[in-house]
Amino acid sequence: MKVIAVYSTKGGVGKTTAAVNLAWEASRDFRVLLWDLDPQGAATYLLNVKPKVKGGVEALVAKKASLGSAIRRTTFARLDVLPADASYSALDLVLDHAKNSTGRVRAALDTVRSDYDVVLLDCPPGSSLVAENAVSAADLVVLPIVPSPLSLRSVDQVHEFVASSEGKPPLLAFLSMVDRRKALHRDAVISLPRAVAGMTNIVVPGTVLIEKMGIERRPIGVYAPNTAAAHAFAELWVRIQSTAKARQRKPKN
Ligand SMILES: Nc1ncnc2c1ncn2[C@@H]1O[C@H](COP(=O)(O)OP(=O)(O)O)[C@@H](O)[C@H]1O
Ligand SMILES: [Mg+2]
């Protein structure tokens, strides 16, 4: 089972959008679980799943309830969701009071290790304990970067955060919400892949087609497959797999 965390310290950069589309891409070949770790429940909503966790997330991380009982099927074969509800807003406090406070997500995932090939973690923004849990459970961290000065600042923060985590997973970044009419964005497409470690040349365009996911409540690959945006997520999924494989070949030090 490979665990991929979609993470940034910054909100509104396309994490949930990427998590949902990557999960769907992965589910074409693998058994996939998307764990919505954000109390806003956007990933849950986008995949048309009920935001209800019996007993709340506290029961899940305390292992009082099985992860399996909270997991919901989607309308897509091989794609399941562990939904978020309001109880997730207290998750940081719950973790703070728990033993092994940074390893609870990994421990919970261990219980479904044989059921899934790929797990996507849709992280809330910030550098909370929830994020620490997600990053330390991850084999790979995926980071969307919007080419704005504030978003670029967050890239260093994310690098530091991941480097100081227990597993120090590799980072794969891509450009998100790119508007080629803006000079700043065009420059970023050229300069960032050279300047940022782990940066791919994959560009997800800013497009109303992606915004429409909120109405469609389906991945873009389903309702607009032959578009640059859908292709970008497909390409990103291919890149994630090759990065994960390369990492496997290297002995851990
Ligand atoms: N490439 C894109 N083009 C246009 N809108 C986008 C794109 N990616 C995300 N959005 C929109 O921006 C908002 C924030 O995206 P989201 O994926 O929820 O970000 P995050 O999870 O980082 O907060 C959502 O309304 C989403 O529909
Ligand atoms: Mg989100």
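Contact here means heavy atoms within 4.5 Å. The model described is a predicted one. By that criterion, and leaving out residues up to four places away in sequence, Ser-27 touches Val-32, Ala-77, Arg-78 and Leu-79. Ser-27 sits in the loop that runs between α1 and β2 (32-36). Its relative accessibility is 3%, so Ser-27 counts as buried. Ser-27 and Leu-79 are separated by 52 residues in sequence, yet their C-alpha atoms are 5.6 Å apart in space.

Arg-78, one of the residues touched by Ser-27, belongs to the loop between β3 (72-73) and β4 (79-82). The phi angle of Arg-78 is near 65°, a positive value in a residue other than glycine. Arg-78 has 42% relative accessibility and therefore counts as partly exposed. Asn-48 also has a positive phi without being glycine, with a value near 60°. Asn-48 is located in the loop between α2 and α3 (56-61). At 52% relative accessibility, where the cut-off for exposure is over 50%, Asn-48 counts as exposed.

Three helices were examined along their length. Helix α1 has 12 residues. From its first C-alpha to its last, α1 reaches 16 Å, close to the 16 Å expected at 1.5 Å a residue. Of its 12 residues, 11 are buried, so α1 is largely enclosed by the rest of the structure. The buried set of α1 includes Lys-15, Asn-21, Trp-24 and Glu-25. Also buried in α1 are Thr-16, Ala-18, Ala-19, Val-20, Leu-22, Ala-23 and Ala-26.

Helix α8 spans residues 149-163, 15 in number. Its end-to-end C-alpha reach is 22 Å, close to the expected 21 Å. Buried in α8 are Ser-151, Ser-154, Val-155, Val-158, Phe-161 and Val-162. These residues cover an arc of only 135° around the axis, which puts them on the same side of α8. An α-helix has 3.6 residues a turn, so residues three or four places apart point the same way. The face of α8 turned away from the buried side carries exposed Pro-149, Arg-153, Asp-156 and Glu-160. On the buried side, the packing partners of α8 are α7 (129-137), β6 (140-145) and β7 (171-178).

Helix α13 covers residues 228-249 and has 22 residues. It reaches 32 Å from first C-alpha to last, close to the 32 Å expected at 1.5 Å a residue. The buried residues of α13 are Ala-229, Ala-230, Ala-232, Phe-233, Leu-236, Trp-237, Ile-240 and Ala-244. They cover an arc of only 155° around the axis, which places them on the same side of α13. Ala-228, Val-238, Lys-245 and Arg-249 are exposed on the face of α13 turned away from its buried side.

The interior was then considered. The largest nonpolar core has 51 residues. Within this core, Trp-35, Leu-37, Leu-82, Tyr-88, Leu-109 and Leu-121 touch the most other members. Helix α7 gives the most to the core, with six residues. Apart from this core lies another, of 38 residues. Among the members of that second core are Val-32, Leu-172, Ala-232 and Ile-240. Two of these names recur from the helix and loop descriptions: Val-32 is touched by Ser-27, and Ala-232 is buried in α13.

Trp-35 was followed in detail. Leaving aside neighbours within four places in sequence, Trp-35 is in contact with Leu-67, Leu-82, Tyr-88, Val-105, Ala-108, Leu-109, Leu-120, Leu-121 and Asp-122.

Open space was also assessed. The largest pocket has a volume of about 460 Å³. It is lined by 24 residues. Closest to the pocket centre are Gly-12, Gly-14, Thr-16, Thr-17 and Met-177. At least two lining residues come from each of α1 (15-26), α2 (42-46), β7, β8 (199-205), α10 (208-211) and α11 (213-216). Thr-16 is thus a residue of interest on two counts: it is buried in α1, and it is among the residues closest to the centre of the largest pocket.

How values were computed
Residues are numbered from 1 along each chain as its sequence is written. Chains are lettered from A and ligands numbered from 1 in the order in which they are written. This is a predicted model: local features need pLDDT of at least 70, side-chain atom pairs count only at pLDDT 80 or more; totals for chains, interfaces and linings use all residues. Side-chain values use heavy atoms; hydrogens and water are left out. Helices (H or I, at least four residues) and strands (E, at least two) are DSSP runs, numbered from the N terminus. The expected span of a helix is 1.5 Å times one less than its number of residues. Buried means under 20% relative accessible area, exposed over 50%, partly exposed in between (1.4 Å probe, protein chains only). The arc is that of the directions from the helix axis to the C-beta atoms. A nonpolar core is a set of buried Ala, Val, Leu, Ile, Met, Phe, Trp, Tyr and Cys residues joined through side-chain atoms within 4.5 Å. On a 1 Å grid over the protein atoms alone, a cavity is a set of points where a 1.4 Å probe fits but cannot get out, and a pocket is an open set with protein on both sides within 12 Å along at least five of seven lines; lining residues have an atom within 4 Å of a point. Grid points are joined across faces, edges and corners, and a volume is the space filled by probe spheres set on the points.
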